[in-house]
Amino acid sequence: MPKNLTANRAALGHRLSYALRHPGRVPRHLRRTARDAWLRYRSPDHVAYYRAVMRSDTRRDPDAAVGSRNRERWLALGAMQFDYLLGHGLRPEHRMLEIGCGNLRAGWRFIEYLDPGHYYGVDISPDILFAAQDTLQSQGLQDRVPTLTPVRDLTLGFLPEGRFDVVHAHSVFSHSPLPVIEECFAHIGRVLAPGGWFDFTFDRTEGAEHHVLREDFYYRTETLTALAADHGLAARLMDDWEELGHGQSKIRVTHRAVR
Ligand SMILES: C[S@@+](CC[C@H](N)C(=O)[O-])C[C@H]1O[C@@H](n2cnc3c(N)ncnc32)[C@H](O)[C@@H]1O
């Protein structure tokens, strides 16, 4: 189960009690608050702001920039994504689009498994894509010829219609305001093959929707399933993902069945 589904992490009371329970984390949080305020001032647009966050984090440590505190955790979280998708329909002949591929924490495993040329990774951060190239090289996967491409937004207009059997976005919407998610829903159906699916994780709340530093966003499941429906997509919560203890929830989106 995701941790504490009703907490509002943006509320002053929650922040004070968290600080009292974890005083050692306060200086780092204050530094991050100051840095993020500066980056938001320089880049009011969310994607430009988050690109700047990724630039700053990737310079320090690409694994930490995608949310893993060490290489062991990086490998484990990539394996969790890969094993789950393998158990939920991924086959070598599928064509896969990974949105927010980061430094290929899971991507290198997909690239190794899929037929050559069948993996397409996009990310808003050129810096993390450079780190992705390093991963490709260190894993010896050059012959699999994946595509890694920076994007400005999620309109995906440069990709062909009906191309991808599987679209995957892990820990991307947990960093995205609703208009970014809506933009993705508005365009994903065009590139999704008939019978294809789009899996994404998100930080779930059963209380008030909120965000922390415009870095971490918490949504109710019904907000996202309703938004998907507005764009002609069917969405369902993947219950068995919750049992893996990742902390985020996962939704699978498909074309709405024609009745
Ligand atoms: C927490 S990292 C996860 C990376 C990768 N999915 C993984 O599991 O290792 C989030 C990634 O999503 C990217 N990202 C954030 N918002 C995005 C957007 N709107 N479009 C594409 N990529 C985005 C970030 O640059 C970052 O590389």
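User: Which residues come nearest to the ligand?

Analyst: A residue is near a molecule if one of its heavy atoms lies within 4 Å of it. Here 19 residues surround the ligand, and Gln81, Gly100, Arg105, Asp123 and His170 come nearest. This is a predicted model, in which local features need pLDDT of at least 70, side-chain atom pairs count only at pLDDT 80 or more, and totals for chains, interfaces and linings use all residues. Residues are numbered from 1 along each chain as its sequence is written, and side-chain values use heavy atoms, with hydrogens and water left out.

User: Which polar side-chain atom lies 2.6 Å from an oxygen atom of the ligand?

Analyst: That atom belongs to Asp123. In the side chain of Gln81, an N or O atom is 3.0 Å from a ligand oxygen. Gly100 uses a polar backbone atom, 2.7 Å from a nitrogen atom of the ligand.

User: How many salt bridges does the structure hold?

Analyst: A salt bridge is a side-chain nitrogen of Lys or Arg within 4 Å of a carboxyl oxygen of Asp or Glu. The structure holds 13. One of them joins Arg71 and Asp63, with the closest N and O atoms 2.8 Å apart.

User: Is Asp63 buried or exposed?

Analyst: Buried means under 20% relative accessible area, exposed over 50%, and partly exposed in between (1.4 Å probe, protein chains only). Asp63 has 9% relative accessibility, so Asp63 counts as buried. Its partner Arg71 is partly exposed, at 38%. In another salt bridge, Arg204 meets Glu206 at 2.9 Å, N to O; Arg204 is buried at 9%, and Glu206 is partly exposed at 45%.

Note on methods:
A polar contact is a pair of N or O atoms within 3.5 Å; within protein, one must be able to donate a hydrogen and the other to accept it, and residues adjacent in sequence count only if both atoms are side-chain atoms.
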